[in-house]
Amino acid sequence: MALTGLEIYKLLPQTNCKDCNYPTCLAFAMKLAAKQADLADCPHVSEEAKTKLAEASAPPIRLLELKGSEGEFQVGNETVLFRHEKTFFNRCGVFLRLQDSLSADELKEKVAEADAYHVDYVGIDLYLDGFAIEAASGDPKTFGAAVAAVAEKTKRPLILLAATPDLAKAGIEALDETRPLLYAADADNWEAMAQVAKEAGLPLTVRAETLDELADLTGKIKEAGVEDLALDPSLSGYLDSLHKLTSLRRLALKENFRPLGYPVITFPGSTESVDAAILAAEQIAKYGGLIVLDEFDPSTLYALLVLRENIYTNPQKPIQVQPGLYEINDPDENSPLMVTTNFSITYFSVANEVEGTGRPAWLLVADAEGMSVLTAWAAGKFDAERIAKDVKTFNVADKVPHHKIIIPGHVAVISGELEEELPDWEIMVGPREAVDIASYLKSMWTT
Amino acid sequence: MAVEIPKEKWTAQVRKVTIGATSEEGGTRAKTLTVGGESALPFLHYEGSFPNKPALAVEIRDRKPDDWSPLLLDALGETAEDPAKWAQAAEAMGADLIYLVLSAATADGNPNTPENVRAVVRKVLDATGLPIAVVGPGQAEIDNELIVPAAEEADGERVLLGVCEEKNYRTIVAAALAHNHLVQSKTPMDVNLSKQLVILINDMGLPLERIMMDPTTGALGYGIEYGYSVMERLRLAALTGDKMTQQPMIVDPGAEAWKVKESKVGEGVPEAWGDWNRRALNWETLTATTLIHSGANIVILRHPENVARVRKVIDDLSSATT
Ligand code: SF4
């Protein structure tokens, strides 16, 4: 939690020497609290004060960075409990777990398939963030070979699920120039695991059954010199996950409780009797950090990645659709032309309804600054002028020689003006709601 | 180190609403459904009480729908041919509420009639002991024409009638008042609009205990984040004492998820979308469970498998001990 101006003032020299270009230390402190000044501008501040201020201004959930031989991944730094308060910033990771009990060939095949997975969602490229390799064999040599095999087929970040220092070292040695996450230090092995992490300069996961034990361990490990941590609070199902992850997020944000201010790693497939897809979805919405799946199933992965995109969308900046002329179901010169705005929900509901009819159609998406039809019309962003302009910008007349344009029923009032703006066009008034498009087209468009 | 778990102190709770009436209460239902009453954010048992679990409504139609995904129609099979059988099947799936949606037109393309509606409502009431909801096809004039006879036929059964929208709520509310029913108040993903319509309906004399609030949602990938956040905001407002946001919430992930391409279409879609059936099932389930986490008190579902799937999640989340 950030310090107030007065709290910062107490840490300053209080000499009002003006070297910072502010009249008083207090004025400078106020600017610092508002994040409009930089502490470095005061040449007289003590080292002790610097450390205190740095600690206080550190994010409540520490950022964790992983690197593959090419890809990078960041998680943490979240600042709110609810996305509408600001936004969720760093998308939680979706990783795939593989065991070293598979042969090198099997591993390579699985990794190559999952690594090549890409899916397009409203123009956004979605894919897996990386892989977690588990030392199920318990044998350092086998594990090292498995890690090497995986690294041969993916450049994405890795997580090394290796519970002993020897296994972890074998995994680390099989990689170069990357920054995997080590997993995991617990009450029994933490000293040795912290040592390995420290020597390799790698982030380390800390695992315990209770939050009390977890906080104890992170404190000790931090003292041992490892600061980049992830937490595994040993979750056992939907409710345990919701309770522990909510508590962790609240502790970090509301109490500024440093010992638990780290991203959380979860394994939704590990709890028997739990539907891994549903638990993963819960953890996407409710405070998961790195989600490690056990199955590569596109029908689940696609849904989860889309959900993550939705939850992490900035609510202040809704996804807009690129204005332009969209083709639905392969339209030709006889297909109807409809116009709507570029607010994503508006666009999707219209496009979806039209698509659902199975009829080919043109959809002109006007640049209404991302507002819905009624809002945009009320704000003057979706009027006759705008529509006429976009008809010209996107050369609509060339595509639809029939020169008929269907406007949303909600803006029926602009049809007169639009006739003036587009003199050789016929203006048709469509339904108010997207859901009625099918019946409208059925009765009004007979080609 | 003893970590103290932070708890929020909420000052208010969600209103309780009961759908359906048993014979003692003037109806014929074998059981009723009560939702709401919680005094904290969803499933945080350690900081509030949760007298009622979120409930599952299963959508049925007065006739076999023309435009449903073949996956759904296959799963439903013959039951989709007959509303009485469909209602019984829904009860067997584990529904808490039968959500009957009336069609604008009959199978032969003629407009639906009050007589037909009465017959269907009667059939469904006779076929199941569960409480029911009856909603129109979503076109103002037709809705009014069909809901009034439905309300008359089900007099005293405390049916959830819908759908009340800002531009069309008076006739439905009047029918609810006249025949002892409840209403579904639906507004397009906006906190203030939700409140306003509840106020307007309440102003007509319908007690708040008879209003379910439907803030509207989008499916996964189609605007779920707007619905999700509006629901979180409504629930936070409710728990901090904003009276007109305290209605329990009903949302329709079934209808939303089953109208999108991901569930409707099996061919000519990207390979990366994966197996059609599993994807479609995930679409409805994940839309539903995500909304349950943002405060939904009733979710409406369509696919039999998903009713069981979501039920298990709700049961797990509602068990007070971990
Ligand atoms: S430079 Fe430092 S000591 Fe001088 S006035 Fe500014 S804050 Fe105070």
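This short talk goes through the contact between chain A and chain B, one pair of helices within the two chains, and the surroundings of the ligand.

A word on conventions before I start: this is a predicted model, in which local features need pLDDT of at least 70 and side-chain atom pairs count only at pLDDT 80 or more, while totals for chains, interfaces and linings use all residues. Residues are numbered from 1 along each chain as its sequence is written, chains are lettered from A and ligands numbered from 1 in the order written, and side-chain values use heavy atoms, with hydrogens and water left out.

Let me begin with the two chains. Chain A gives 57 residues to the contact and chain B gives 55, where contact means heavy atoms within 4.5 Å. The buried area, that is, the accessible area (1.4 Å probe) lost on putting the two parts together and summed over both, is about 4,700 Å², and 62% of this comes from carbon and sulfur atoms. On the chain A side, the residues that lose the most area to chain B are Leu239(A), Arg250(A) and Tyr302(A), together 13% of what that side buries.

Turning to the helices, which are DSSP runs of H or I with at least four residues, numbered from the N terminus, Ala277(A), Ile278(A), Ala281(A) and Glu282(A) of α10(A) meet Asn282(B), Thr285(B), Leu286(B), Thr289(B) and His293(B) of α10(B). By class, this contact has four nonpolar residues, four polar and one charged, with Ala, Val, Leu, Ile, Met, Phe, Trp, Tyr, Cys and Pro counted as nonpolar, Asp, Glu, Lys and Arg as charged, and the others, Gly among them, as polar.

Lastly, the shell around the ligand, whose residues each have a heavy atom within 4 Å of it, includes Cys17(A), Cys20(A), Cys25(A) and Cys42(A), and divides into seven nonpolar, three polar and two charged residues.

Note on methods
Axes fitted to C-alpha atoms, helices over the stretch in contact; angles between N-to-C directions.
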